[in-house]
Amino acid sequence: QFKLVESGGGLVQPGGSLRLSCGAPGFNLDYYVIGWFRQAPGKEREGVSCISSVGGDPNYADSVKGRFTISRDNAAKTVYLQMNNLNPEDTAVYYCAAGIPGYVCNDDRLTPEWHEYDYWGQGTQVTVSS
């Protein structure tokens with residue numbers, strides 16, 4: 001059992017960038033697929049991106065393609081979500097989730113469903129506003 005911790009959120013102007021981090025202090029995330037989700041006020045939680053433990057290409061929601069990049073730093077036991085050219089519609093609480101050892105992100109769906117993951121973080125607030 002471990003807890004995921006997100007960091008890197010904050011207030012940024014439109015067009016700006018943030019890098020979110022997802023880690024589990026003392027635990028290795030290498031074997032798990034990692035998903036990023038977000039939930040804006042009054043809206044349902046939605047999948048943003050998915051990265052496999054090994055193999056496959058990351059997936060991105062259409063709304064963030066070309067602006068967000070998910071990556072792993074296995075040495076640092078951290079997964080990142082680099083977010084560029086942010087706009088007010090990106091304002092949300094961002095969550096990472098880990099689980100499903102061996103799962104490969106694929107074209108069938110953006111990411112496993114929230115409940116399919118085994119571990120979840122508490123979220124980090126991203127606010128895009130001038």
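Is Phe-2 buried or exposed? In this predicted model, Phe-2 counts as buried, because its relative accessibility is 11% and the cut-off for burial is under 20%.

## Aromatic pairs

Let's stay with Phe-2 for a moment and look at its surroundings. A search through the whole structure turns up 8 aromatic pairs. Among them is the pair of Phe-2 with Phe-27, a tilted arrangement with 5.2 Å centre to centre and 35 degrees between the planes. Phe-2 belongs to the segment before β1 (5-7), while Phe-27 sits in the loop between β3 (18-23) and β4 (33-39), so the pair ties together parts that are 25 residues apart in sequence. Phe-27 counts as partly exposed, at 36% relative accessibility.

Another pair worth a look is Phe-37 with Tyr-117, where the rings meet edge-to-face: the centres are 5.8 Å apart and the angle between the planes is 90 degrees. Here too, distant parts of the chain are linked, since Phe-37 is in strand β4 and Tyr-117 is in the loop between β9 (92-99) and β10 (119-120), 80 residues apart. Both Phe-37 and Tyr-117 are buried. You can also follow the ring pairs further, as they link Phe-37, Tyr-95, Trp-114, Tyr-117 and Trp-120 into a cluster.

## Charges over rings

Trp-114, one of the rings in that cluster, has a charged partner as well: the charged end of Arg-45 sits over the Trp-114 ring, 3.9 Å from its centre. Turn next to Tyr-80, where Arg-19 lies over the face of the ring, at 4.0 Å from the ring centre.

## Around Tyr-80

Tyr-80 is found in strand β8 (residues 78-83). With a relative accessible area of 14%, Tyr-80 is buried, because burial means a value under 20%. Leaving aside residues up to four places away in sequence, Tyr-80 touches Arg-19, Leu-20, Ser-21, Trp-36, Thr-69, Ile-70, Ser-71 and Asp-73. Arg-19 therefore appears both in this list of contacts and over the ring face.

For a sense of distance, try Thr-127: between the C-alpha atoms of Tyr-80 and Thr-127 there are 18 Å in space, and the two are 47 residues apart in sequence.

## Salt bridges

How many salt bridges does the structure hold? There are 5. One of them joins the side chains of Asp-90 and Arg-67, at 2.7 Å from N to O. Asp-90 lies in the loop between β8 and β9, and Arg-67 in the loop between β6 (59-60) and β7 (68-73), so this pair ties together parts that are 23 residues apart in sequence. Both Asp-90 and Arg-67 are buried.

Asp-62 and Lys-65 form a salt bridge too, with the closest N and O atoms 3.2 Å apart. Asp-62 is exposed, with a relative accessible area of 66%, and Lys-65 counts as partly exposed at 49% relative accessibility. Then come Arg-109 and Glu-116, whose side chains meet in a salt bridge of 2.7 Å, N to O. Arg-109 is partly exposed, with a relative accessible area of 30%, and Glu-116 also counts as partly exposed, at 28% relative accessibility. Finally, salt bridges that share partners join Arg-38, Glu-46, Arg-67 and Asp-90 into one network.

Conventions
Residues are numbered from 1 along each chain as its sequence is written. This is a predicted model: local features need pLDDT of at least 70, side-chain atom pairs count only at pLDDT 80 or more; totals for chains, interfaces and linings use all residues. Side-chain values use heavy atoms; hydrogens and water are left out. Helices (H or I, at least four residues) and strands (E, at least two) are DSSP runs, numbered from the N terminus. Buried means under 20% relative accessible area, exposed over 50%, partly exposed in between (1.4 Å probe, protein chains only). Contact means heavy atoms within 4.5 Å. Rings of Phe, Tyr and Trp (its six-membered ring) pair if their centres lie within 6.5 Å; planes under 30 degrees apart count as stacked, over 60 as edge-to-face and the rest as tilted. A charge sits over a ring if NZ of Lys or CZ of Arg is within 6 Å of the ring centre and within 35 degrees of the ring normal. A salt bridge is a side-chain nitrogen of Lys or Arg within 4 Å of a carboxyl oxygen of Asp or Glu.
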